[in-house]
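User: I'm new to reading protein models and would like to learn where the descriptive words come from. Could you take me through some of them?

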Amino acid sequence: MSTRKLIQAMTKKSISHQEIASNIVKGLNKSGVKSFTKTPALLSNLDSHVAHLVLLNPDLPPQSCMTFFNFLHQNPSPFSHKPDLRVHVTLISRLYEAQKFAEVINVLNYIANDDSLRSPVENIVSLIEDGTHEPKFVEKLCDMLFRVYTDGRMFEDAIGVFDYMEKSGLKIDERSCVVFLLALKRCDEMGKCYGFFQRMVEANVETTVYSMTIVIDGLCTRGEVQRAKNLMDLMVDRGIKPNVVTYNTLINAYVKRNDCVGVNKLLRSMKSDQLAYSAVTYSVLMEWNWKSGKIGEVEKLFDEMRERGIEADVHVYTSVISLNCRVGNIKRAFALFDELTEKGLFPTSHTYGSLIDGVCKVGQMEAAKVLIKDMQGQGFNVNQVIFNTLVNGFCARGMIDEALNVKAVMEQKGFETDMFAYNSIASGLCKLKRYGEAKGWLFTMMEKGLTPNVVNFTTLINISSKEGNLEEANRLFKEMQKKGVRPNIVTYNTLIAGYCKSGKMKEAYKLRGEMKAMGMVPDVYTYTSLIHGECVSGKSDEAVKLFNEMEQRGLKQNQVTYTAVILGLSKEGKSDEAFRLYDQMKEAGLTPDDRVYNSLVCSLHTPRS
DNA sequence: TTAGGGTTAG
């Protein structure tokens, strides 16, 4: 048919949809979408039904189907209707047959993101032409749609697909469920994440340890460690065994909570499951030993790991570097840094971050600058964490102006000042007894729309109690809980310290009871504050009782603890006991300061009270 | 091909 005749035929609308479609196909096969510019009349009868027939025509290759579809999307003006759902489904069928799965996903994205197209999966499936596909087509299509909704964070729609698949007896791929669980976890939707995992199990999805570990990790991150452990036990009964990753996740959670019993139980269980430690297990255990004050054990574990043939990766090196920095062993930290580069490993921004923090903590701000130069030379930009580390480094040494300079540079680089920086500035000012300014910075933070977290509240409580305003401290403590911010052990210790300093022991003990009821175990700080409080109140015998209680609980007294109790005993003329503890203090490798010596001397001519 | 460990504030 000549073009002229064709135009005549089409304008007369005397030919069928099928004929129009096949003419379009011919045009497309001859000169692609250019055929529409060459012969605009081809467009005049093109509606969704014709488009559907075009796409269904086997003479049009799948790639041309896609080109045609894209043309329809990009040039909506010539049509009265935009491509409807059936056009999309038809195209998907053609693309699927040709195994062009990435293109299928693209088309599904069009459907998912267009309010006029998005429909229950039943409707989509009902539009598939019967008998033209392999049996797995619907299953695979649902799976892809499930993933598209997941990637677009359209969780309810994704669940809709899951429901349909379960109802229709379609096999659900665990890997897609894993992606869904991860997406929920990343969006902090742990309630839904846990619920979905339960549904997976009920729907008999072939659940593996992967899915279980994702949920366990999510629960741990949200602080629901017991629930995480219960889930693990429950799944063991159902035949899903935890692996080393599951154990690492849970052990890490117990380490973070200082739960000695929990850690040891899991280590025993890991042993009876005959699971060998991985590099991650060693990292977690090193942190655990450091927290328990066993610094020597850290390097022992590091050696043991390598003796067992487990290569130390950059994460392990960063851990050991960080732990050494935290005890002020900068020399060792730098030696490890050299070792890792000699091994051909590349330091990360975290490695630099821990070293920079280490040198800041010992006041070597110049060394920090050198490290930053080096880091930049390695192609790392100074990130927010590093900026915050510097701000904190200066604040901790009372160099507020220098800290504010860093803050200005940070903002110039496009970083917003965050809660870390605000808190560092506030606590730096608090140490300088500039309480009003300290509070002012935290108020500014809130005015900027940042929601104060547990650390910010704790800092505010600390400032108030340093000012001697315990009512305000207590008010803040109540306010934070009202706002859903859960106090942690540091918050309790801060408030307890405040009460103890002003001799309000009844309130202090009440808080200790409260924190215990919340499942927190009083630590060295809690006891030291209480000991100090009893001494201030002239009850050194009570202080000694607490001191002994620490030993029973496996808590190691530090320099501050000894100083408090020795000063308290001396003040009451109990010089024998004071001297005994002084000896004990030196045996523990701690250095008594001038206040201790002076008080001991005074104790000799103070009558026993 | 999907899960775990490493840097900052009280």
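Analyst: Happy to! Let's begin with a cut-off: an angle over 145 degrees between two helices counts as roughly antiparallel. Keep in mind that this is a predicted model.

User: Why are α25 and α26 called roughly antiparallel to each other?

Analyst: The axes of helix α25 (residues 400-412) and helix α26 (residues 419-431) cross at roughly 170°. The cut-off is over 145 degrees, and α25 and α26 are therefore roughly antiparallel to each other. Their axes come within 11 Å.

User: Which residues make the contact between α25 and α26?

Analyst: On the α25 side they are Ile 400, Ala 403 and Lys 407, and on the α26 side Ala 421, Ile 425, Gly 428 and Leu 429. Sorted by class, this contact has five nonpolar, one polar and one charged residues. Gly counts among the polar ones in this scheme.

User: What makes α20 and α21 roughly antiparallel?

Analyst: The reasoning is of the kind we just used. Helix α20 (residues 314-326) and helix α21 (residues 330-342) pack at an angle of about 165°, with axes 8 Å apart. Set that against the cut-off of over 145 degrees, and α20 and α21 are therefore roughly antiparallel. The crossing of α20 past α21 is left-handed. From α20, the contact uses Val 314, Tyr 317, Val 320, Ile 321, Asn 324 and Cys 325. From α21 come Ile 330, Arg 332, Ala 333, Leu 336, Phe 337 and Leu 340. By class there are ten nonpolar, one polar and one charged residues.

User: How do you know that α32 is roughly antiparallel to α33?

Analyst: Helix α32 (residues 524-536) packs with helix α33 (residues 540-552) at an angle of about 165°, their axes being 7 Å apart. With the limit at over 145 degrees, that makes α32 roughly antiparallel to α33. Here too the crossing is left-handed. The contact is made by Tyr 527, Leu 530, Ile 531, Glu 534 and Cys 535 of α32, together with Ser 540, Glu 542, Ala 543, Leu 546, Phe 547 and Met 550 of α33. These residues divide into eight nonpolar, one polar and two charged.

User: Now for single residues. Why is Arg 147 called buried?

Analyst: A residue is buried if 20 or more other C-beta atoms lie within 10 Å of its own. Arg 147 has 20 C-beta neighbours inside 10 Å, so it counts as buried. Arg 147 is placed in helix α10 (residues 137-151). Leaving out residues up to four places away in sequence, Arg 147 touches Ser 176 and Val 179.

User: And what makes Val 179 partly exposed?

Analyst: Exposed means 12 or fewer such neighbours, and partly exposed lies between exposed and buried. Val 179 has 17 other C-beta atoms within 10 Å, so it is partly exposed. Val 179 sits in helix α12 (residues 174-186). Setting aside neighbours within four places in sequence, Val 179 is in contact with Arg 147 and Thr 150. The C-alpha atoms of Val 179 and Phe 146 are 9.8 Å from each other, although 33 residues separate the two along the chain.

User: Why does Gln 99 count as exposed?

Analyst: The limit for exposed is 12 or fewer neighbours. Gln 99 has 10 C-beta neighbours inside 10 Å, so it counts as exposed. You'll find Gln 99 in the loop between α7 and α8 (101-113).

User: What is unusual about the phi of Gln 99?

Analyst: Gln 99 has a positive phi of about 60° although it is not a glycine. Most residues other than glycine have a negative phi. Asn 258 likewise is not a glycine and has a positive phi of about 60°. Asn 258 lies in the loop between α16 (244-256) and α17 (260-272).

User: Why is Asn 258 called partly exposed?

Analyst: Asn 258 has 15 other C-beta atoms within 10 Å, so it is partly exposed. Buried would need 20 or more, and exposed 12 or fewer.

User: Which residues of helix α5 are buried?

Analyst: In helix α5 (residues 48-56), they are Val 50, Ala 51, His 52, Leu 53, Val 54 and Leu 55. These buried residues pack against α2 (17-31), α6 (62-74) and α7 (85-97).

User: Finally, which residues come nearest to DNA strand B?

Analyst: Of the 55 residues around DNA strand B, the nearest are Val 280, His 315, Thr 348, Gly 353 and Asn 388. The surface near DNA strand B divides into 19 nonpolar, 32 polar and four charged residues.

Key: Residues numbered from 1 in each chain as written. Chains lettered and ligands numbered in written order. Predicted model: local features only at pLDDT ≥ 70, side-chain atom pairs only at ≥ 80, totals over all residues. Axes fitted to C-alpha atoms, helices over the stretch in contact; angles between N-to-C directions. Helix = DSSP H or I, 4+ residues; strand = E, 2+ residues; numbered from the N terminus. Parallel < 35°, antiparallel > 145°, perpendicular 65-115°, else oblique. Left-handed = near helix turned anticlockwise from the far one by under 90°. Contact = placed C-beta atoms within 7 Å. Near = placed C-beta within 6 Å.
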